[in-house]
Protein chains: 6
Amino acid sequence: MVDVVTFGETMVRLSPPGFQRLEQSIMLNLSIGGSELTVAAGISRLGLSTEWVSRLTKNQLGRMIVDKAREFGVVTDHIIWTEEDRIGLYFIEYGASPRASQVLYDRSDSAIARIQPGEVNWEPILKGARLFHVSGITPALSENAAYATAEALNMARKLGITISYDLNYRAKLWSQEKARNIQTAFMKQVDILITTEEDTYRVFGIKGKDYREVAKVLCDTFGFKVVTITLRETPTVWQNTWSAFAYSDRLYYEDVKYNIEVVDRVGAGDNYSAGFLYGYLTAGVEEGVRIGTAFSALKQTSWGDFNWATCEEVHALIKGSNLRIVR
Amino acid sequence: MVDVVTFGETMVRLSPPGFQRLEQSIMLNLSIGGSELTVAAGISRLGLSTEWVSRLTKNQLGRMIVDKAREFGVVTDHIIWTEEDRIGLYFIEYGASPRASQVLYDRSDSAIARIQPGEVNWEPILKGARLFHVSGITPALSENAAYATAEALNMARKLGITISYDLNYRAKLWSQEKARNIQTAFMKQVDILITTEEDTYRVFGIKGKDYREVAKVLCDTFGFKVVTITLRETPTVWQNTWSAFAYSDRLYYEDVKYNIEVVDRVGAGDNYSAGFLYGYLTAGVEEGVRIGTAFSALKQTSWGDFNWATCEEVHALIKGSNLRIVR
Amino acid sequence: MVDVVTFGETMVRLSPPGFQRLEQSIMLNLSIGGSELTVAAGISRLGLSTEWVSRLTKNQLGRMIVDKAREFGVVTDHIIWTEEDRIGLYFIEYGASPRASQVLYDRSDSAIARIQPGEVNWEPILKGARLFHVSGITPALSENAAYATAEALNMARKLGITISYDLNYRAKLWSQEKARNIQTAFMKQVDILITTEEDTYRVFGIKGKDYREVAKVLCDTFGFKVVTITLRETPTVWQNTWSAFAYSDRLYYEDVKYNIEVVDRVGAGDNYSAGFLYGYLTAGVEEGVRIGTAFSALKQTSWGDFNWATCEEVHALIKGSNLRIVR
Amino acid sequence: MVDVVTFGETMVRLSPPGFQRLEQSIMLNLSIGGSELTVAAGISRLGLSTEWVSRLTKNQLGRMIVDKAREFGVVTDHIIWTEEDRIGLYFIEYGASPRASQVLYDRSDSAIARIQPGEVNWEPILKGARLFHVSGITPALSENAAYATAEALNMARKLGITISYDLNYRAKLWSQEKARNIQTAFMKQVDILITTEEDTYRVFGIKGKDYREVAKVLCDTFGFKVVTITLRETPTVWQNTWSAFAYSDRLYYEDVKYNIEVVDRVGAGDNYSAGFLYGYLTAGVEEGVRIGTAFSALKQTSWGDFNWATCEEVHALIKGSNLRIVR
Amino acid sequence: MVDVVTFGETMVRLSPPGFQRLEQSIMLNLSIGGSELTVAAGISRLGLSTEWVSRLTKNQLGRMIVDKAREFGVVTDHIIWTEEDRIGLYFIEYGASPRASQVLYDRSDSAIARIQPGEVNWEPILKGARLFHVSGITPALSENAAYATAEALNMARKLGITISYDLNYRAKLWSQEKARNIQTAFMKQVDILITTEEDTYRVFGIKGKDYREVAKVLCDTFGFKVVTITLRETPTVWQNTWSAFAYSDRLYYEDVKYNIEVVDRVGAGDNYSAGFLYGYLTAGVEEGVRIGTAFSALKQTSWGDFNWATCEEVHALIKGSNLRIVR
Amino acid sequence: MVDVVTFGETMVRLSPPGFQRLEQSIMLNLSIGGSELTVAAGISRLGLSTEWVSRLTKNQLGRMIVDKAREFGVVTDHIIWTEEDRIGLYFIEYGASPRASQVLYDRSDSAIARIQPGEVNWEPILKGARLFHVSGITPALSENAAYATAEALNMARKLGITISYDLNYRAKLWSQEKARNIQTAFMKQVDILITTEEDTYRVFGIKGKDYREVAKVLCDTFGFKVVTITLRETPTVWQNTWSAFAYSDRLYYEDVKYNIEVVDRVGAGDNYSAGFLYGYLTAGVEEGVRIGTAFSALKQTSWGDFNWATCEEVHALIKGSNLRIVR
């Protein structure tokens, strides 16, 4: 029995080195990335047990995804394997001011987008888990994936498991209207909502005078136990600030703001989720925000979606960072 | 007006360096590859003018394909650009004895597979050209692509242009039966057939006591002006022999057999086609075989589908190679 | 018939990766670079047709230069090929504050420096073109190259083609005095002068209380239709600001100032020229300055002299940049 | 409960790329390697469950070893972690004829060499397993490691688990005399001995007219159920042949001889062990030899100690290899 | 006879590229590093002759260290070679705000830590030299190394050679108390102390209202001829400021503060020592500070412990830097 | 006083990795190469002291050459430094059968080609040396370089130093006629001639029924003490055989023939010279041939002109090689 179960797509990730444009590259860095597996990997890295559920094509790319999940200690025993379909891909071109980084997706018709109703038997997977986590990317993949998401949420609710949901709106996958229609139903089952001000507005049309008000309105509207919001400033592409905040039970939890020399910002939100959920499950909302922010800040200083920071490093950073060389 | 027009798909090509397995790689070499563009690039490299026709998605990958076609001097003025669909991909894992190299395709639903009837206006493209070339991969991509191939062949025939066809059977794209049904019709329009013994048997069920007889039966059956067959021996993955042969007008043209220290054998057949067609158009069948074999042998000693050998190098090799360092 | 013709040297460019000093490197990045080809490539990338004229030694390095010109769609049909002489080279050591980047040239006796009078037949090349562009580097290469430059300018003038000239003073190639003597004659034929305050002072001894006055004095002195000046600030090696300005027909055209996280600043000026000339030819001086500044700002965020930004990216940047990841 | 448990050291492995000598390198490929973990990883890759037991220093290098064990699905729940000692290292310089490849060890005083009596609680680890495997490297590391090996063997015997032992003599770690003294005692507990003719002679002084006789004498002397011997010929460094053989219950099991284009021969023996044990446990001695030889042959065609070949590839090779490209 | 002799350990240095964490790397940059050899190499680069004394294991790693010392012109004629022991190693993980860079040492039981009393015959080495330099790392390695340091200092004192000592406290090698006890005796022989405020406090418990007072107290306490202190500010990991200061004969020598875009800060202190000692020996304390600060600032802009800046570049920087590209 | 002095050009060497053609490369491996420095480096590596004399441009490339000479322990105290001229370059494209490797030189007008009469003061350099070595490349560079060669040979003869001369004919540098005219005069001063059958025929028109006769005729014609000839067979580009032979005082010295898996054959001849001269000076002609052949065979198994093999490895190979991994 694992502590946390997540469900979603993981893609092969391809990116040119050294700020090259894709058109000029002759070699690409190869890794994997996907919101829910990144969350599971982060939580596992911090110390709780996790399982990731998905549907994968049985070829070298599918196996690579499972290899790397296991490398982080994530259980992959309930993956649905198929000889059909494909593994989705995405390309990242890293920018530099005034050119933003950009992602080119090639994920249509992936194995998980073609998941069938009832293909995952959720009861044995979720039984005994403490938390189920999914993001808004999964139902956006296809009608079938939305249906499978609903199946998982229903079973988690039935089993009394805490449900965490990262809104993660992707305009290239579905319209705001569709995202609102499908997810409004889901929200009733959600305990913890992880979001940004921008996504909240795009999906639910909810705005406020500041992020505190947005969180409050969300709680009042949907009855969440916790709403937590990540906060990024991007004066340049490679120098950002990073913080987060939570609202729960009428209390506001603010965290410090980190100055980040960004090495790779992809996966920042998912690693916030991982840190938050780990902290939440082991010590409550306040510690969740603190660990989430620090864990995500550290992730942004190394390459890849997954986070190689240790729990000790997280706690050291929370105590205060010193930028001199450690020896 | 170019000398040669070709039509088909070009994919992005991704391969791990240094005999790595895909699962263990963290970086991939990036290039492009596709039978008919490789032929056009090779002919252009040797000295005739060429144009390549295809349908491409308008993104970085589509632009990269056109960049690299132009780098070899291939005209790309009649590409059909679309905002939809995708650029196909393929992965190559290079083997070593006793493990063969293998290709993993991810080319479904590419832009050219979704080409529409009438989308290419063939008349202005083909008018004035000396030769039209396509391979059996193009009609295998989809019903639509097969239809477009037929349109091209019909127009070429109508304009009295020589037609060259590389049988190039791909079992992952269509069944032998489907390949036979569709291509039997095409064969009536073809002047020059480029093939291997194995493909001839798989597609048309034609066998003979040796490649000479196979060629003769093909000519007798379909009325080709020329049949040319490439001949490879693979005692090990990285030490091969390479030769070719043609049959035309009841004459047999044999060539020397090259010992190849293989650097990259992908594209060998297409570069034989390029060399053969260049030689055929400039000096006849005999020179075609000689240039085709030598040009393809040289190609196999450098990396990538395209051929960086020069016409001078080809002629020097035909005169006799010396393996000492040239300085 | 192309829209724009340029004339000058392109060299092989060699640079150590990752801020290494040349003495410590064991591998060098290889590319090409040269002012006038960079301008032609940039204009072609933006959408007008271009041709580049030069003299090249017929070996692998000469062919590589033509390959890469063609990759950007630049016509190379009138290159003068020779079996003699050599392809010039330059090495770049990228610095970091407080160490500036530096270039080591090895370009003496290159093929273009040894061009002969009358070797280029300018009339068929220039006939029908809208603009001829050259920089002050070309006449600086040798007496012969200066003579060839004069031949080109004379023919362009005779054919009534607009002439654009980038002053581009290179102290290692000629003295200020020599640069003044030779170029003063050229200036009478020039319509558009592209320059910096520093070069204007070094070549013509012209100074002003600010760049606006400098531009005005230049116009008054030489009768240019347009003078355009690029403006860079370098608080650190890798964080610069970039802007440009034009003066034409008594009007001043100022542009916004971009904050640049510099990836590679080599080629910034040439890509300004490209963007300015494209904008000027398609929409006038004001659009020229806007496109030139934005196109050059984008170029500085990727590696190499050539610019892989698209026209769409330029227009998006002019509308306002957002540094968040695009997905 | 896993099927197979192994026990031993894993080191960080550093090797210069491309046949460079260590003295001339400025970058090293980084991986891990160690006999018993390689065996566990191989068996897991083929489809049985495995656990690897060791003692590791708790730093980045120790964590890296566990990461990569988990990547192959090997359970690492009973690793002894320490803040003291160090992770051993080894350097490989790949040779080319007539220069052999060579290994430089830096493994003194590693965490496992300093393992304490009783530090591993073997009973819960071994209970329920089908097989325990260790090589002669583990007892060679130190007196303490030899003691821990004896503890494991005793418990395995007590629990009635099959014991497999790879003789793996390392002259740099102990003398032949010491190896004989300590291991002669161990041999009484061993069911399956994996060895080479050379090691058998060096450790036990046993020789025969051929490997068949050697195997028979070993069985007669120590009462093994199975003796299996790997057979390599090295006409050149990069072209080897590879086969294996087993003797069990008075029967001889010979296998085909593979021609290997060696990519990396390190780990060949351990992957034979993995394949043999997997085959033995699932289908008996004969299948063990077949799978062991093929699995190891495939391993030698990719880089690193671990084996990325799949069970499907092994069976395909046993059926007969074709060295043409697979597509 | 060389001008300057230094004594200490040099290790192999391994670091992941591009901000990777060690756990995720598959390749490491390889170099060497060690305080006293870095000082000798820097002084040699600037123009005085130097020798470095150490004890090394005779294998590829030991030879690599000598190769690279010689590459900088450092004499290595009195190295003690041994077949035993090992070459120490260290790993660097480069950080990015808010993650500091960190060093993982693996240097126990290295050849120099096991140096024997009297193993170096100091008299012929030091005779005729102008200066002997050692850092506090050498005596921290082991009792034996401390003893050898004392032997060297005694001989240098006896021969009337100027002694320079860099305090360089390493908490992982010895306690503050031990460092104080052993080094307090050494200080009586030292002429020039190179230190930081932090190290001064940790080793001698000396604090002051600012670095000027610290230097004065040090001089008053130990009777140094010169105390020089380096000054670094680290607002972020990759943007630092750098300066230095000296106190000698009751005079204070301050230097400018450089803004550094840090490429590699390892070796900054040692290169300050090199620049200071070169300047001190050729032109006195004031020039020492100036050259030391500038030489060290330049070193931080390229990769590796050693400094590839030239004496000309140092003087150019002292005159004032211009961050535009030099061509 | 060194044992051996050599004189000649060293160039920067640039080569694409992995069999790439130069036109397709985006990165080049950077090293240095030149016949006489390679000889000096090899002799130094084996254990005698050496000095290399040349003329170099004082820039990063000139310094890099001296750095790498010193890395091998070669004295560089009498290099003539100039601010003028340039450092020569060469590019290597590694081939694979049937494409030979080829070298593209760009060495015209290098610093040493422009050496002035009397610029090197040979007497203090050569006084006390045991041997002076030069190859036929040096006089081929220019009239001035031929004159400087004559100066060196005259002084060596005057001082009674043994003279070794490697014929090394380079057709791109001078005609056979010119090579014969200038070198015939030199031969009277030469004691040891190192050559191949092919070069002997091209320069002196001397042929024989086998290499033994060629050597005898050379000795009879010019009165050499020793003639030594290297022997290579190239069945493929990457599998060669290598041997050598000497004739001296009417005795023939034959050596074994090595099978070489070639990693880099450039520098093979120069490393034969180094090994032969080291062996000759320390143990006579017979040992010279043995060490020369083995040292050169080992060199061909690693990358670069210089030889990283040790004297121990050479002696081990002479005793007999074993291609199994050494551990």
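## Chain C: its contact with chain A, a shared sheet and a hairpin

Let's start with a salt bridge: Arg21(A) and Glu313(C) meet through their side chains at 2.5 Å, N to O. Keep in mind that this is a predicted model. Between chain C and chain A the count is two salt bridges, along with twelve residue pairs in polar contact, both partners at pLDDT 80 or more.

Which elements of chain C each supply at least two residues of the side that touches chain A? They are strand 15 (258-261), helix 10 (285-299) and helix 11 (311-319) of chain C. Strand 15 of chain C gives the largest share of that side, four residues. Sorted by kind, the residues of chain C that touch chain A come out as twelve nonpolar, five polar and five charged.

As for the extent of the contact, 22 residues from chain C and 25 residues from chain A take part. About 2400 Å² is buried between chain C and chain A, with 55% of it given by carbon and sulfur atoms. Three residues, Glu261(C), Leu323(C) and Arg327(C), supply 34% of the area that chain C buries against chain A, more than any other three residues.

Now for the sheet that chain C shares with chain F. Eight strands make up an open sheet with mixed pairing, and the order runs 8(C)-7(C)-2(C)-3(C)-3(F)-2(F)-7(F)-8(F). Why is one side of strand 8 (102-106) in chain C and of strand 8 (102-106) in chain F left without a neighbour in the sheet? Both stand at the edges and each has a single partner strand, so there is no neighbour on the other side. From one strand to the next, the twist averages 30 degrees.

Helix 2 (residues 60-71) of chain C packs on this sheet, touching strand 2 and strand 3 of chain C as well as strand 7 (89-93) and strand 8 of chain F. The direction of helix 2 makes about 60 degrees with that of strand 3 of chain C.

Here are two antiparallel strand pairs in chain C:

| Strand | Partner strand | Bridges |
|---|---|---|
| Strand 2 (residues 11-15) of chain C | Strand 3 (residues 27-33) of chain C | five bridges |
| Strand 13 (residues 239-248) of chain C | Strand 14 (residues 251-254) of chain C | four bridges |

In strand 3 of chain C, Ser31(C) is the residue opposite Arg13(C). In strand 14 of chain C, Tyr252(C) is the residue opposite Tyr247(C). Strand 13 and strand 14 of chain C form a hairpin with two residues between them, and Asp249(C) in the turn has a positive phi of about 55 degrees.

Key: Residues are numbered from 1 along each chain as its sequence is written. Chains are lettered from A and ligands numbered from 1 in the order in which they are written. This is a predicted model: local features need pLDDT of at least 70, side-chain atom pairs count only at pLDDT 80 or more; totals for chains, interfaces and linings use all residues. Side-chain values use heavy atoms; hydrogens and water are left out. Two strands pair if DSSP finds at least two bridges between them. Axes are lines fitted to C-alpha atoms, for helices over the stretch in contact, and angles run from 0 to 180 degrees between N-to-C directions. Contact means heavy atoms within 4.5 Å. Buried area is the accessible area (1.4 Å probe) that two parts lose on being put together, summed over both. A salt bridge is a side-chain nitrogen of Lys or Arg within 4 Å of a carboxyl oxygen of Asp or Glu. A polar contact is a pair of N or O atoms within 3.5 Å; within protein, one must be able to donate a hydrogen and the other to accept it, and residues adjacent in sequence count only if both atoms are side-chain atoms. Ala, Val, Leu, Ile, Met, Phe, Trp, Tyr, Cys and Pro count as nonpolar, Asp, Glu, Lys and Arg as charged, and the others, Gly among them, as polar.
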